[in-house]
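Subject: The structure we talked about

Hello,

Here is the structure I promised to pass on to you. Please open it alongside this email, so that you can look up each residue as you read.

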Amino acid sequence: METDEISLRLTRIFRDIFEDPGLTITPQTSARDISNWDSLNHVTLIMEVERAFGVRFALGELQDLKNVGALMSLIRKRQS
Amino acid sequence: MLFNSAPYIFGFLPIVVLVYFLLNRQHWVQAAKWWLAAASIVFYAWWNVANLPILLVSLLVNWAVVNAIWRANEVSDSAAKRVLIIGLVFNLLYLGCFKYYDFLARSMNSTFGAALPLLNVALPLGISFFTLTQIAYLVDVRERLVKRQKFLNYALFVLFFPHLIIGPILHHKDMMPQFATLRSKVFSLENLATGLLLFGIGFAKKALIADPLSAYVRFYFDDTPILGTVEAWQVALAFTCQLYFDFSGYIDMALGSALMLNIRMPENFNSPLRARSVIEFWSRWHMTLTNFLTTYIYTPILYAFRTLSFRKSLIAVFITFFIAGIWHGAAWTFILFGAMHGVALTVNHIWRRSRWPMPAIVGWALTFLFVTCTFVLFRAKSVHDAGKVFAGMLGLNGTAALNRWPGSPDLLGYSMSHAGTGLDMRVVFLVGLSAFLVFAFRNSGELAARFRSHLGGPRGNG
């Protein structure tokens, strides 16, 4: 999947989960930038990403996925 | 061995650091690793040699399981899963046997009139910590996050003395690479200096604040039948300060010790008493535990639900903290401690989601009061004793002093105890000093980072 495609789909998921229709994300966006991105929502986000992209993450990876860039590169890695 | 004891400070630590770097200087890297592992075993056995086999059995069994999972991973996922489950069951039974069996037997005996025999073994030092560390490792091995390792690397990761007894709870991905890089083998004056600073801060926290408060706290919690209002609030606040300065001081000493060996362990506290919500509190207090709970308990519970909803998340939060309470200790007080935090976190999440307002100062006050009350449960030897302190705090027994502090009655000939209410000026001073340090100063992690930048070094490791 192309980077743009991943980014587009991720944006949709982020807007949905963090209940912010105007939300834009870049690879630099992290949990610190989005006030609703707490540990509760993080797992929701991860499960939604897993479902949407048909990938699986390991438990030990989840804490490292609290920024968009890391999330995108792991999605790419898992899809290849 | 305790970090704040003379044999550790003047004997163990300097010798370990010196020999470690001398061996590395000769390029005897493997010998240096064995040296650290052996030193860690001495460190552990110093207190009570009888505990050593318990640690080593856990280490060796888990190493066997780790290898079995690596092999099973090459066969099939389900085979690996089976081995993992065996490993988890072993760890939980092992911990349960030493930590919870007597509590369960006693509860069964008193509730159902059963006559289960008690083991009466003292809790082996650090077992709660090295069990968690290894559980996380097993899970990650099964999920193929860990490359095949030599035994020595695994043993050193588990045994490394700075974290062995009281944490921080280490994750292999933070530690293993550090033990492996050559850069960490070269003595660094900057790390030694920063390590000494952290160690000194930790030592001062413990020796100047936590330890002086402990005798006072012990008397009012353990040796009194009933407390007046002032006495109860005083001892509750004193214990909050004692616990924070004791625990975070100990962690500072652990981080400092590790840094002298060029190993950077994760921060465990980030000014938790400044937190303005219970959610924020747990992101600042015992952070490595919170990370473990989130990753290896909360998330699997949610995965087990299959579909997600806000309500299910809250249930998972509650279960997670209920388990965390049990992990803290085998007693009803700890179970209540966990349950109360579980409830508070769900309330906090509902409040946040509802976007109801919460002025910062009110949020802080509520959080601090709540935490102080739950720490009463944390400290009390029984629910009854906790009830005694709560009754006093609620003013059920009047404001007058109901006990006489048996410690030294005065300092420099000046009577420190305020007649009537039991207000003790030494405790007021120490609690006031604690508040001053917590709110007016940078915390130890920030101080260490600043110190390092003044040394002109890079912020990275080494």
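Below is what was found in it, one region at a time.

First, some ground rules: this is a predicted model, in which local features need pLDDT of at least 70 and side-chain atom pairs count only at pLDDT 80 or more, while totals for chains, interfaces and linings use all residues. Residues are numbered from 1 along each chain as its sequence is written, chains are lettered from A and ligands numbered from 1 in the order in which they are written, and side-chain values use heavy atoms, with hydrogens and water left out.

**Helix 15 of chain B**

A good place to start is helix 15 of chain B, which covers residues 360-379. Helices here are DSSP runs of H or I with at least four residues, numbered from the N terminus. Helix 15 has 20 residues and spans 28 Å from its first C-alpha to its last, close to the 28 Å expected at 1.5 Å a residue. That expected span is 1.5 Å times one less than the number of residues.

Several residues of helix 15 are buried, including B:Gly363, B:Thr367, B:Phe368, B:Val371 and B:Phe375. Buried means under 20% relative accessible area, exposed means over 50%, and partly exposed is in between, using a 1.4 Å probe and protein chains only. The buried residues of this helix pack against helix 9 (189-222), helix 10 (229-260), helix 11 (278-282), helix 14 (332-354) and helix 16 (383-393) of chain B.

**B:Phe281 and the second largest cavity**

Helix 11 of chain B holds B:Phe281. Is B:Phe281 buried or exposed? Its relative accessible area is 2%, so B:Phe281 counts as buried. Leaving aside neighbours within four places in sequence, B:Phe281 is in contact (heavy atoms within 4.5 Å) with B:Pro272, B:Ala275, B:His341, B:Thr367, B:Val371 and B:Phe375.

B:Phe281 also helps to line a cavity. Rolling a probe the size of a water molecule over the atoms shows where empty space is left. On a 1 Å grid over the protein atoms alone, a cavity is a set of points where a 1.4 Å probe fits but cannot get out; a pocket is an open set with protein on both sides within 12 Å along at least five of seven lines; and lining residues have an atom within 4 Å of a point. Grid points are joined across faces, edges and corners, and a volume is the space filled by probe spheres set on the points.

How many cavities of 30 Å³ or more are there? The count comes to two. The second largest has about 40 Å³ of space, and its lining includes B:Phe281, B:Trp364 and B:Phe368. Helix 15 of chain B gives the largest share of that lining, four residues. The lining has seven nonpolar residues, one polar and no charged. In this scheme Ala, Val, Leu, Ile, Met, Phe, Trp, Tyr, Cys and Pro are nonpolar, Asp, Glu, Lys and Arg are charged, and the others, Gly among them, are polar.

**The largest cavity**

The largest cavity has a volume of about 80 Å³. It is lined by 13 residues, and B:Ser248, B:Asp252, B:Glu267, B:Phe269 and B:Ser444 are the closest to its centre. Helix 10 of chain B gives the most to this lining, with five residues. The lining divides into four nonpolar, six polar and three charged residues.

**The second largest pocket**

The second largest pocket has a volume of about 1700 Å³. Its lining has 45 residues, and B:Leu123, B:His328, B:Gly329, B:Phe334 and B:Phe378 lie nearest its centre. Among the elements that each supply at least two lining residues are helix 10, helix 14 and helix 15 of chain B. The lining is made up of 27 nonpolar, 11 polar and seven charged residues.

**B:Asn73**

B:Asn73 sits in helix 3 (residues 52-75) of chain B and is buried, at 8% relative accessible area. A polar atom of its side chain lies 3.1 Å from the backbone oxygen of B:Val141.

**Backbone details**

Most residues other than glycine have a negative phi, and most peptide bonds are trans. The bond from B:Gly167 to B:Pro168 is cis, with omega near 0 degrees. A:Glu19 has a positive phi of about 50 degrees, and B:His27 has one near 65 degrees. B:His27 is exposed, at 68% relative accessibility.

Enjoy exploring!

Conventions
A polar contact is a pair of N or O atoms within 3.5 Å; within protein, one must be able to donate a hydrogen and the other to accept it, and residues adjacent in sequence count only if both atoms are side-chain atoms.
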